[in-house]
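Me: I would like to go through this model step by step, with a short question for each point. Please give the reasoning before the value or name.

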Amino acid sequence: MKQKSYDKTIMGALGIEMGEATADRVTATMPVHDATHQPIGLLHGGASVVLAETVASFGTWNLIDQENEIAVGLEINANHIRGKQEGVVTAIGTPLHKGRTTMIWDIKIIDEEEKLICVSRCTVAIVKKSR
């Protein structure tokens, strides 16, 4: 499976930019603007979920054998705490479980004032690449 350029994916469409990536923490930012709004002008919950899954998937990918394995979202949940009309949100993901076949991530999405916008938990499957 050939990896696409980020700008040609949902990450590019929503303006998601990756930040730090260590074994214990992954961050990414996303603007709150027209592409991430729901029709009434607030951050769309689905955009927050995309940001959360992006952080969890990237965090898992960073920890696996990238030559032979891929990371794919298996399950995600999210609680939307507060609305946001403009600015930037930051997702901070930390692993709760680092297994051989799955990883579970806790993701908190905050705004510029570090107010909690969304909390999410995402399970990512680790799958062997097909040859």
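**A contact between two side chains**

Reply: In this predicted model, the side chains of Glu 69 and Lys 128 are joined by a polar contact of 3.4 Å.

Me: Is Glu 69 buried or exposed?
Reply: Glu 69 belongs to strand E3. Its contacts beyond four places in sequence are Ile 64, Ile 126, Val 127, Lys 128 and Lys 129. The relative accessible area of Glu 69 is 12%, and buried means under 20%. Glu 69 is therefore buried.

Me: In what order do the strands of the sheet lie, and which are the edge strands?
Reply: The open sheet is formed by 6 strands with antiparallel pairing, in the order E1-E2-E4-E5-E6-E3. An edge strand here pairs on one side only. That description fits strand E1 (17-22) and strand E3 (69-80).

Me: By what angle are neighbouring strands of this sheet turned against each other on average?
Reply: The angle is an average over neighbouring strands of this sheet. Direction is ignored, and the value is 20°.

Me: How many bridges join E5 to E6?
Reply: Strand E5 covers residues 102-110 and strand E6 covers residues 116-128. One of the facing pairs is Lys 108 and Val 119 in E6. The two strands run antiparallel, and the number of bridges between them is 9.

Me: Which residue of E6 is the bridge partner of Asp 106?
Reply: Asp 106 is in E5, where it stands opposite Thr 94. Thr 94 is on the E4 side, and E4 and E5 pair in the antiparallel sense over 8 bridges. In E6, the bridge partner of Asp 106 is Arg 121.

Me: How many residues lie between E4 and E5 in their hairpin?
Reply: E4 and E5 are antiparallel partners. They form a hairpin, and the number of residues between them is 3.

Me: What is notable about phi of Glu 114, and what is its value?
Reply: Most residues other than glycine have a negative phi. Glu 114 lies in the hairpin of E5 and E6, which has 5 residues between the strands. Its phi is positive although the residue is not glycine, with a value near 65°.

Me: Is Glu 114 buried or exposed?
Reply: Glu 114 sits in the loop between E5 and E6. Its relative accessibility is 64%, and the cut-off for exposed is over 50%. Glu 114 therefore counts as exposed.

Me: What is the reach of helix H2 from its first C-alpha to its last?
Reply: Helix H2 spans residues 45-63, which is 19 residues. At 1.5 Å a residue, 27 Å is expected. The reach in the model is close to that, at 28 Å.

Me: Which element gives the most residues to the largest nonpolar core?
Reply: In soluble globular proteins, nonpolar side chains tend to be buried together. Here the largest nonpolar core has 27 residues, and those with the most contacts inside it are Met 30, Leu 51, Val 89, Ile 107 and Ile 109. Helix H1 (10-14), strand E2 (25-32), H2, strand E4 (87-98), E5 and E6 each give two or more residues to this core. With 6 residues, the element that gives the most is H2.

Me: Which residues of H2 does Ile 109 touch?
Reply: Among the residues that Ile 109 touches are Val 89, Thr 90, Ala 91, Leu 116 and Ile 117. The buried residues of H2 include Ser 48, Leu 51 and Ala 52. On the H2 side, Ile 109 touches Ser 48, Leu 51 and Ala 52.

Me: Is Thr 27 buried or exposed, and which backbone nitrogen lies 2.9 Å from a polar atom of its side chain?
Reply: Thr 27 has its place in strand E2. With a relative accessible area of 10%, Thr 27 is buried. Its contacts away in sequence include Met 18, Glu 20, Val 55 and Ile 92. The backbone nitrogen at 2.9 Å is that of Glu 20.

Me: Which residue has its backbone oxygen 3.0 Å from a polar atom of the side chain of Gln 66?
Reply: Gln 66 is in the loop between H2 and E3, and at 30% relative accessibility it counts as partly exposed. Leaving aside neighbours within four places, Gln 66 is in contact with Trp 61 and Lys 129. The backbone oxygen at 3.0 Å belongs to Trp 61.

How values were computed:
Residues are numbered from 1 along each chain as its sequence is written. This is a predicted model: local features need pLDDT of at least 70, side-chain atom pairs count only at pLDDT 80 or more; totals for chains, interfaces and linings use all residues. Side-chain values use heavy atoms; hydrogens and water are left out. Helices (H or I, at least four residues) and strands (E, at least two) are DSSP runs, numbered from the N terminus. The expected span of a helix is 1.5 Å times one less than its number of residues. Buried means under 20% relative accessible area, exposed over 50%, partly exposed in between (1.4 Å probe, protein chains only). Two strands pair if DSSP finds at least two bridges between them. Axes are lines fitted to C-alpha atoms, for helices over the stretch in contact, and angles run from 0 to 180 degrees between N-to-C directions. A nonpolar core is a set of buried Ala, Val, Leu, Ile, Met, Phe, Trp, Tyr and Cys residues joined through side-chain atoms within 4.5 Å. Contact means heavy atoms within 4.5 Å. A polar contact is a pair of N or O atoms within 3.5 Å; within protein, one must be able to donate a hydrogen and the other to accept it, and residues adjacent in sequence count only if both atoms are side-chain atoms.
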